[in-house]
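Please look over the fold below before reading on. This report then walks through its overall form and a few selected sites.

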Amino acid sequence: MWSRLQRKMIFFPTSALAHTPADLGLAYEDVRIQTSDGVTLHGWMVPCDGSDVTLLFLHGNAGNIGDRVENVRRLHEIGVQVFILDYRGYGLSEGSPSEQGLYEDAQAAYAHLLSREDVDKDRIAIFGRSLGGAVAVDLASRVPCRRLILESTFSSAADMAGHMLPILPLGRLVTERFDSASKIDKVRVPLLQFHGTEDEIVPYHLGLKLHALAREPKEFVPIPGATHNDTYFVGGRTYFEKIRLFLSEPR
(Lines give C-alpha, C1' and ligand atoms only; values in the text may rest on other atoms or scores of the structure.)
Protein backbone atom coordinates (compact mmCIF):
# COMPACT_ATOMS: atom_id res chain seq x y z
CA MET A 1 0.00 0.00 0.00
CA TRP A 2 2.86 2.37 0.86
CA SER A 3 4.51 1.65 -2.50
CA ARG A 4 1.26 2.34 -4.37
CA LEU A 5 0.81 5.59 -2.45
CA GLN A 6 4.32 6.71 -3.34
CA ARG A 7 3.67 6.00 -7.01
CA LYS A 8 0.56 8.14 -6.93
CA MET A 9 2.65 10.94 -5.42
CA ILE A 10 5.41 10.60 -8.04
CA PHE A 11 3.74 9.81 -11.36
CA PHE A 12 1.15 12.10 -12.96
CA PRO A 13 0.47 10.64 -16.42
CA THR A 14 -2.20 11.78 -18.85
CA SER A 15 -3.56 9.72 -21.73
CA ALA A 16 -4.80 12.23 -24.32
CA LEU A 17 -2.13 13.61 -26.67
CA ALA A 18 -2.75 17.34 -26.89
CA HIS A 19 -0.34 17.77 -29.81
CA THR A 20 1.75 15.82 -32.30
CA PRO A 21 4.87 16.95 -34.15
CA ALA A 22 2.72 17.48 -37.25
CA ASP A 23 0.98 20.34 -35.46
CA LEU A 24 4.30 22.20 -35.64
CA GLY A 25 5.08 21.16 -39.18
CA LEU A 26 7.39 18.26 -38.33
CA ALA A 27 7.42 14.94 -40.11
CA TYR A 28 7.43 12.03 -37.69
CA GLU A 29 7.01 8.28 -37.39
CA ASP A 30 4.61 6.69 -34.92
CA VAL A 31 6.55 3.95 -33.16
CA ARG A 32 5.41 1.01 -31.04
CA ILE A 33 8.01 -0.99 -29.11
CA GLN A 34 7.79 -3.77 -26.56
CA THR A 35 9.68 -3.96 -23.29
CA SER A 36 11.37 -7.07 -21.91
CA ASP A 37 8.41 -7.58 -19.56
CA GLY A 38 5.87 -7.41 -22.37
CA VAL A 39 4.57 -3.83 -22.17
CA THR A 40 3.86 -2.02 -25.44
CA LEU A 41 5.09 1.58 -25.51
CA HIS A 42 4.33 4.44 -27.88
CA GLY A 43 6.78 7.02 -29.12
CA TRP A 44 7.75 9.29 -31.99
CA MET A 45 10.81 9.35 -34.16
CA VAL A 46 11.30 12.87 -35.50
CA PRO A 47 13.94 12.69 -38.25
CA CYS A 48 16.17 15.58 -39.19
CA ASP A 49 17.85 15.78 -42.59
CA GLY A 50 21.62 15.81 -42.28
CA SER A 51 21.64 14.88 -38.59
CA ASP A 52 24.14 12.25 -37.51
CA VAL A 53 23.09 12.36 -33.84
CA THR A 54 19.98 10.75 -32.39
CA LEU A 55 18.76 12.08 -29.06
CA LEU A 56 16.75 9.75 -26.84
CA PHE A 57 14.43 12.14 -24.97
CA LEU A 58 13.21 10.95 -21.54
CA HIS A 59 10.60 13.33 -20.19
CA GLY A 60 9.46 14.18 -16.68
CA ASN A 61 6.81 12.74 -14.38
CA ALA A 62 3.70 14.57 -15.63
CA GLY A 63 1.68 14.69 -18.85
CA ASN A 64 2.95 12.82 -21.91
CA ILE A 65 4.96 13.30 -25.09
CA GLY A 66 2.24 15.49 -26.57
CA ASP A 67 3.28 18.20 -24.10
CA ARG A 68 6.87 18.20 -25.37
CA VAL A 69 6.47 18.89 -29.08
CA GLU A 70 7.67 22.50 -28.85
CA ASN A 71 10.85 21.31 -27.16
CA VAL A 72 11.29 18.67 -29.87
CA ARG A 73 10.77 21.30 -32.59
CA ARG A 74 13.52 23.47 -31.18
CA LEU A 75 15.91 20.52 -31.00
CA HIS A 76 15.03 19.74 -34.62
CA GLU A 77 15.92 23.32 -35.56
CA ILE A 78 19.49 22.82 -34.32
CA GLY A 79 19.88 19.68 -36.43
CA VAL A 80 19.07 16.88 -33.97
CA GLN A 81 17.06 13.75 -34.72
CA VAL A 82 14.87 13.00 -31.71
CA PHE A 83 13.27 9.81 -30.44
CA ILE A 84 10.81 10.55 -27.64
CA LEU A 85 8.64 7.94 -25.96
CA ASP A 86 5.99 7.72 -23.29
CA TYR A 87 6.72 5.54 -20.30
CA ARG A 88 4.28 2.81 -19.37
CA GLY A 89 0.97 4.33 -18.25
CA TYR A 90 1.63 7.61 -20.08
CA GLY A 91 -0.05 8.71 -23.33
CA LEU A 92 -0.76 5.75 -25.56
CA SER A 93 1.63 3.40 -23.77
CA GLU A 94 0.26 0.40 -21.89
CA GLY A 95 0.78 -0.47 -18.24
CA SER A 96 1.31 1.44 -15.01
CA PRO A 97 4.44 3.40 -14.08
CA SER A 98 6.98 2.34 -11.47
CA GLU A 99 10.67 3.02 -10.95
CA GLN A 100 11.81 -0.32 -12.34
CA GLY A 101 9.23 -0.07 -15.11
CA LEU A 102 10.64 3.25 -16.31
CA TYR A 103 14.13 1.76 -16.38
CA GLU A 104 12.78 -1.13 -18.50
CA ASP A 105 11.10 1.40 -20.82
CA ALA A 106 14.31 3.36 -21.38
CA GLN A 107 16.21 0.15 -22.08
CA ALA A 108 13.58 -0.88 -24.66
CA ALA A 109 13.82 2.55 -26.33
CA TYR A 110 17.60 2.27 -26.52
CA ALA A 111 17.36 -1.25 -27.99
CA HIS A 112 14.92 0.06 -30.58
CA LEU A 113 17.37 2.75 -31.65
CA LEU A 114 20.12 0.15 -32.02
CA SER A 115 17.85 -1.81 -34.36
CA ARG A 116 17.16 1.09 -36.74
CA GLU A 117 19.04 1.65 -39.99
CA ASP A 118 18.51 5.42 -39.76
CA VAL A 119 20.39 5.64 -36.44
CA ASP A 120 24.18 5.80 -36.12
CA LYS A 121 24.77 3.40 -33.21
CA ASP A 122 27.88 5.34 -32.16
CA ARG A 123 26.07 8.68 -32.03
CA ILE A 124 23.17 8.07 -29.67
CA ALA A 125 22.88 10.70 -26.93
CA ILE A 126 20.57 10.53 -23.93
CA PHE A 127 18.58 13.47 -22.58
CA GLY A 128 16.69 13.29 -19.28
CA ARG A 129 14.53 16.01 -17.82
CA SER A 130 13.34 16.15 -14.18
CA LEU A 131 12.35 12.58 -13.21
CA GLY A 132 13.55 11.56 -16.66
CA GLY A 133 17.00 12.64 -15.53
CA ALA A 134 17.05 9.75 -13.06
CA VAL A 135 15.96 7.39 -15.83
CA ALA A 136 18.66 8.80 -18.11
CA VAL A 137 21.39 8.37 -15.49
CA ASP A 138 20.36 4.77 -14.90
CA LEU A 139 20.42 4.02 -18.64
CA ALA A 140 23.71 5.84 -19.30
CA SER A 141 25.33 3.95 -16.42
CA ARG A 142 24.50 0.64 -18.14
CA VAL A 143 24.77 1.15 -21.91
CA PRO A 144 27.20 2.85 -24.33
CA CYS A 145 26.15 6.31 -25.48
CA ARG A 146 27.84 9.37 -26.94
CA ARG A 147 26.69 12.08 -24.51
CA LEU A 148 24.42 12.59 -21.51
CA ILE A 149 22.33 15.73 -21.02
CA LEU A 150 20.44 16.28 -17.76
CA GLU A 151 18.04 19.06 -16.91
CA SER A 152 16.19 20.11 -13.76
CA THR A 153 16.95 16.80 -12.10
CA PHE A 154 17.90 15.63 -8.60
CA SER A 155 20.31 13.45 -6.68
CA SER A 156 17.75 10.96 -5.32
CA ALA A 157 14.08 10.62 -4.40
CA ALA A 158 15.16 10.39 -0.77
CA ASP A 159 16.81 13.80 -1.02
CA MET A 160 13.66 15.18 -2.65
CA ALA A 161 11.52 13.76 0.15
CA GLY A 162 13.83 15.30 2.73
CA HIS A 163 13.49 18.67 1.04
CA MET A 164 9.70 18.50 0.85
CA LEU A 165 9.12 17.34 4.43
CA PRO A 166 12.35 17.95 6.35
CA ILE A 167 10.79 17.29 9.76
CA LEU A 168 9.90 13.69 8.84
CA PRO A 169 12.37 10.83 8.15
CA LEU A 170 10.83 10.11 4.76
CA GLY A 171 14.16 9.46 3.09
CA ARG A 172 14.48 6.12 4.89
CA LEU A 173 10.95 5.09 3.90
CA VAL A 174 11.15 5.83 0.17
CA THR A 175 10.93 2.65 -1.92
CA GLU A 176 10.84 4.37 -5.34
CA ARG A 177 14.40 5.55 -4.90
CA PHE A 178 15.53 6.98 -8.25
CA ASP A 179 19.00 7.12 -6.73
CA SER A 180 21.04 8.92 -9.38
CA ALA A 181 23.67 9.85 -6.79
CA SER A 182 24.77 6.22 -6.47
CA LYS A 183 24.88 5.69 -10.27
CA ILE A 184 26.29 8.87 -11.79
CA ASP A 185 29.89 7.78 -11.13
CA LYS A 186 29.32 4.84 -13.48
CA VAL A 187 28.57 7.19 -16.39
CA ARG A 188 31.72 7.40 -18.51
CA VAL A 189 30.67 9.92 -21.16
CA PRO A 190 30.68 13.73 -21.19
CA LEU A 191 27.87 15.31 -19.17
CA LEU A 192 26.04 18.58 -19.80
CA GLN A 193 23.65 19.59 -17.02
CA PHE A 194 21.15 22.47 -16.89
CA HIS A 195 19.19 23.79 -13.92
CA GLY A 196 17.03 26.85 -13.42
CA THR A 197 18.14 28.99 -10.52
CA GLU A 198 14.52 29.55 -9.47
CA ASP A 199 13.37 25.94 -9.80
CA GLU A 200 10.40 25.64 -7.45
CA ILE A 201 10.09 21.84 -7.69
CA VAL A 202 13.61 20.37 -7.80
CA PRO A 203 15.91 22.49 -5.63
CA TYR A 204 18.92 23.94 -7.40
CA HIS A 205 21.23 22.52 -4.73
CA LEU A 206 20.12 18.96 -5.49
CA GLY A 207 21.13 19.45 -9.11
CA LEU A 208 24.51 20.70 -7.93
CA LYS A 209 24.84 17.75 -5.55
CA LEU A 210 24.36 15.29 -8.39
CA HIS A 211 26.77 17.15 -10.63
CA ALA A 212 29.48 17.12 -7.98
CA LEU A 213 29.37 13.31 -7.96
CA ALA A 214 29.74 12.97 -11.74
CA ARG A 215 33.00 12.21 -13.50
CA GLU A 216 34.80 14.65 -15.76
CA PRO A 217 34.32 15.88 -18.40
CA LYS A 218 31.21 17.66 -17.20
CA GLU A 219 29.62 21.09 -17.26
CA PHE A 220 26.89 22.57 -15.07
CA VAL A 221 24.95 25.40 -16.69
CA PRO A 222 22.73 27.53 -14.44
CA ILE A 223 19.83 29.25 -16.17
CA PRO A 224 19.24 32.48 -14.24
CA GLY A 225 15.60 33.16 -13.46
CA ALA A 226 14.33 29.87 -14.90
CA THR A 227 11.87 27.75 -12.94
CA HIS A 228 11.26 24.02 -13.30
CA ASN A 229 9.33 23.96 -16.56
CA ASP A 230 10.63 26.93 -18.55
CA THR A 231 14.36 26.26 -18.78
CA TYR A 232 14.48 25.98 -22.55
CA PHE A 233 12.29 29.08 -23.00
CA VAL A 234 14.34 31.20 -20.60
CA GLY A 235 17.64 29.76 -21.83
CA GLY A 236 16.64 30.50 -25.41
CA ARG A 237 19.20 30.59 -28.19
CA THR A 238 22.16 30.25 -25.79
CA TYR A 239 20.69 27.09 -24.29
CA PHE A 240 20.13 25.40 -27.65
CA GLU A 241 23.50 26.47 -29.02
CA LYS A 242 25.12 24.90 -25.96
CA ILE A 243 23.34 21.63 -26.75
CA ARG A 244 24.26 21.81 -30.44
CA LEU A 245 27.94 22.31 -29.73
CA PHE A 246 27.96 19.63 -27.04
CA LEU A 247 26.45 17.02 -29.37
CA SER A 248 28.73 17.94 -32.27
CA GLU A 249 31.98 17.74 -30.31
CA PRO A 250 34.32 14.84 -31.18
CA ARG A 251 34.83 12.25 -28.51
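How many residues of helix α4 (residues 131–140) are buried? The count is 10 of the 10, so helix α4 is largely enclosed by the rest of the structure. Buried here means under 20% relative accessible area, exposed means over 50%, and partly exposed lies in between (1.4 Å probe, protein chains only). The buried residues of α4 include the glycines G132 and G133. Also among them are L131, V135, V137 and L139, together with D138. A134, A136 and A140 complete the buried set of α4.

This is a predicted model, in which local features need pLDDT of at least 70 and side-chain atom pairs count only at pLDDT 80 or more, while totals for chains, interfaces and linings use all residues. Residues are numbered from 1 along each chain as its sequence is written, and side-chain values use heavy atoms, with hydrogens and water left out.

**Overall form**

The protein has 7 helices and 10 strands. Helices (H or I, at least four residues) and strands (E, at least two) are DSSP runs, numbered from the N terminus. Along the principal axes, the C-alpha atoms fill a box of roughly 55 × 35 × 30 Å. The radius of gyration is 17 Å; a compact globule of 251 residues would have a value near 18 Å, so the two agree. That radius is taken over C-alpha atoms, and the globule rule is 2.2 Å times the number of residues to the power 0.38.

Buried residues account for 55% of the 251 residues. The protein exposes about 11,000 Å², and carbon and sulfur atoms supply 55% of that area. Areas come from the Shrake-Rupley method with a 1.4 Å probe; for residues, only the protein chains shown count as cover.

Contact means heavy atoms within 4.5 Å. Among contacts between residues at least 6 apart in sequence, 71% join residues at least 24 apart.

The charges number 27 positive and 32 negative, and their mean positions are 5 Å apart. Lys and Arg count as positive and Asp and Glu as negative; His and the chain ends are not counted. Each charge is placed at NZ of Lys, CZ of Arg, CG of Asp or CD of Glu.

**Cysteines**

How many disulfides does a search of the whole structure find? The search finds 0. A disulfide would be a pair of cysteine sulfur atoms within 2.5 Å. C48 is buried at a relative accessible area of 10%. C145 is buried too, at 7%.

**Backbone features**

E216 and P217 are joined by a cis peptide bond, with omega about -5 degrees. P217 sits in the loop between α6 (204–213) and β10 (218–223).

Two residues other than glycine have positive phi: S152, near 55 degrees, and F178, near 40 degrees. S152 belongs to the loop between β8 (147–151) and α5 (157–164). F178 is in the loop between α5 and β9 (191–196). S152 counts as buried because its relative accessibility is 0%. F178 counts as buried at 1%.

**Three sites and their contacts**

The table pairs each residue with a partner distant in sequence.

| Residue | Partner | Sequence separation | C-alpha to C-alpha distance |
|---|---|---|---|
| V82 | I126 | 44 residues | 10.0 Å |
| H19 | D67 | 48 residues | 6.8 Å |
| L26 | C48 | 22 residues | 9.2 Å |

The contacts that follow leave aside neighbours within four places in sequence.

V82 lies in strand β6 (residues 81–85). At 1% relative accessibility, V82 is buried. Its contacts include W44, M45 and V46. L55, F57, V72 and L75 also touch V82.

H19 is in the loop between β1 (12–13) and β2 (29–34). Is H19 buried or partly exposed? H19 is partly exposed, because its relative accessible area is 40%. H19 is in contact with W44, G66 and V69.

L26 is also in the loop between β1 and β2. L26 is buried, with a relative accessible area of 9%. L26 touches P21, V46, V72, R73 and H76.

Some partners recur. W44 contacts V82 and H19. V46 and V72 each contact V82 and L26.
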